[in-house]
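Open the model in your viewer and keep the sequence panel beside it. We will start with the whole chain and then select a few groups of side chains, stop by stop.

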Amino acid sequence: MELKHTLIAADTFFRKGSGSLWSASTNAYSVEEGEEGGHLQFITGVIDRDKVPVFERVIWRSCRGNVFVKTVEIKDKMTDPETDELVDKNVFICFFQGSQLELRVNKICVGMSCRVYPCNEKASRRHEVRDQVITRLSEMEDVIEQTTEYRNQQLKDIAVDIRSWIVKVKKWRSIYYTMSKFNVNDTKTGFIAEGWIRAYDLENVRQALRKGATTCGSSVMPILNTVGSSLTPPTFHPSNKLTKGYQVIIDAYGIATYQEMNPAIFTVITFPFLFGIMFGDMAHGLFLFLFGAWFIYKESYFDLRKHLLDEIIAMLYHGRYIIMMMGIFASYS
């Protein structure tokens with residue numbers, strides 16, 4: 001894109017040239033110095049617009065006014081290849097005579113982060129290169145447009161099934177994670193899993209195993225047996241949406257041993273009650289009640305986006321029932 005603007009600007013400048021400095025037959029600059037003529041060279045490229053004044057000043061001082069600089073603004077913003085940001089740029093053309101000035105101008109271009117592009121002196125060759133560049137850019141734009149359309153269509157097709165795919169992947173991951181804890185039997189024809197389940201869930205687990213074997217078409221039904229153990233069973237406290245937040249608070253202080261009473265049941269009342277005694281205020285309590293009730297009302301929305309919530313919002317969401325009950329007791333107090 002920069003090369004296209006460079007060729008167009010250079011061709012426009014050359015067409016407008018006239019007088020003793022312009023040779024219409026060759027579209028090249030010449031200069032008359034007494035009886036001898038010297039051929040002028042030029043360099044074309046692109047520079048950031050905010051660097052143009054400094055660029056012209058450095059060229060003038062370092063070359064002592066022996067270099068003629070012409071700049072043309074590019075109307076469209078260009079993408080910087082290094083930062084990928086849209087910036088304003090200008091096309092510059094520097095005319096000089098001699099290898100020393102050429103070396104200085106090239107060094108200045110490098111120091112000012114200019115992008116130099118080749119530009120032929122002959123108009124026919126410039127037009128040929130310009131047409132080639134425009135054709136290639138047009139082809140690239142067509143390819144990018146078609147690729148973008150194809151990619152968007154593929155993403156739309158994927159978006160329809162993405163949720164079911166996520167569920168399947170999570171199920172597979174859970175299955176393989178659980179099976180990695182199994183042991184292989186002596187004949188290496190099956191797996192043996194040992195674990196703890198609640199006594200009144202024993203029949204439910206047995207039925208679930210049979211249903212799974214029947215669904216997958218297994219010819220061997222799983223066997224579920226109870227095994228005696230001298231180990232102390234782990235503690236399991238069933239909870240629901242209301243008691244889960246209080247259970248987390250109790251577990252932070254300590255987990256009750258097997259068959260001990262769960263103190264989280266009493267905390268459901270005592271925790272918000274003590275909060276209401278300490279911060280009893282109608283306005284304060286009403287605000288907390290409405291805030292917690294809003295989270296409860298939006299449960300389905302937040303449940304689908306649990307993995308996207310930040311730490312603070314996730315903490316408030318999981319304690320929504322605690323917040324609502326604290327608001328009730330604070331208003332009552």
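Buried residues make up 27% of the 333 residues in this chain, which is a predicted model. Show the cartoon for the whole chain and you can pick out eleven helices and eleven strands. The radius of gyration is 39 Å, well over the 20 Å that the globule rule gives for 333 residues, so the chain is more spread out than a compact globule. Rotate the view along the principal axes: the C-alpha atoms fill a box of roughly 115 × 65 × 35 Å.

**Stop 1: a patch of negative charge**

Select E139, E141, D142, E145 and E149, and show their side chains. These residues gather in a patch of negative charge on the surface. Center on D142, which sits in helix 4, residues 123-179. Is D142 buried or partly exposed? D142 counts as partly exposed because its relative accessibility is 39%, and the band for that label runs between 20% and 50%.

**Stop 2: a nonpolar patch**

Now select V169, W172, I175, Y176, M179, V184 and F191. Here you have a nonpolar patch on the surface, with about 770 Å² of accessible area together. Which helix gives the largest share of the nonpolar patch? That is helix 4, with five residues; V169 is one residue found in this helix.

**Stop 3: a salt bridge within one helix**

Next, select E203 and R206. Their side chains meet in a salt bridge, 3.1 Å from N to O. Both residues lie in helix 5 (residues 202-215), three residues apart, about one turn of the helix. E203 is partly exposed, with a relative accessible area of 39%.

**Stop 4: a network of salt bridges**

Finally, select K241, E299 and R320. The side chains of K241 and E299 meet in a salt bridge of 3.0 Å, N to O. This pair links distant parts of the chain, 58 residues apart: K241 is in the loop between helix 5 and helix 6 (244-253), and E299 is in helix 9 (residues 299-303).

Keep E299 in view and turn to R320. E299 forms a salt bridge with R320 too, with the closest N and O atoms 3.0 Å apart. The pair again links distant parts of the chain, with E299 in helix 9 and R320 in helix 11 (residues 320-332), 21 residues apart. Both E299 and R320 are buried. Through shared partners, salt bridges join K241, E299 and R320 into one network. E299 counts as buried because its relative accessibility is 10%, under the 20% cut-off.

Methods. Residues numbered from 1 in each chain as written. Predicted model: local features only at pLDDT ≥ 70, side-chain atom pairs only at ≥ 80, totals over all residues. Heavy atoms only, no water. Patch = residues over 30% accessible without salt bridge, like charges linked within 9 Å, V, L, I, M, F, W, Y side chains within 5 Å. Areas by Shrake-Rupley, 256 points an atom, 1.4 Å probe, with all protein chains shown as cover. Salt bridge = Lys/Arg side-chain N within 4 Å of Asp/Glu carboxyl O. Lys, Arg positive; Asp, Glu negative; His and termini not counted. Charge placed at Lys NZ, Arg CZ, Asp CG, Glu CD. Helix = DSSP H or I, 4+ residues; strand = E, 2+ residues; numbered from the N terminus. Buried < 20%, exposed > 50% of the residue type's maximum accessible area, 1.4 Å probe, protein only. Rg over C-alpha atoms; globule rule 2.2 N^0.38 Å.
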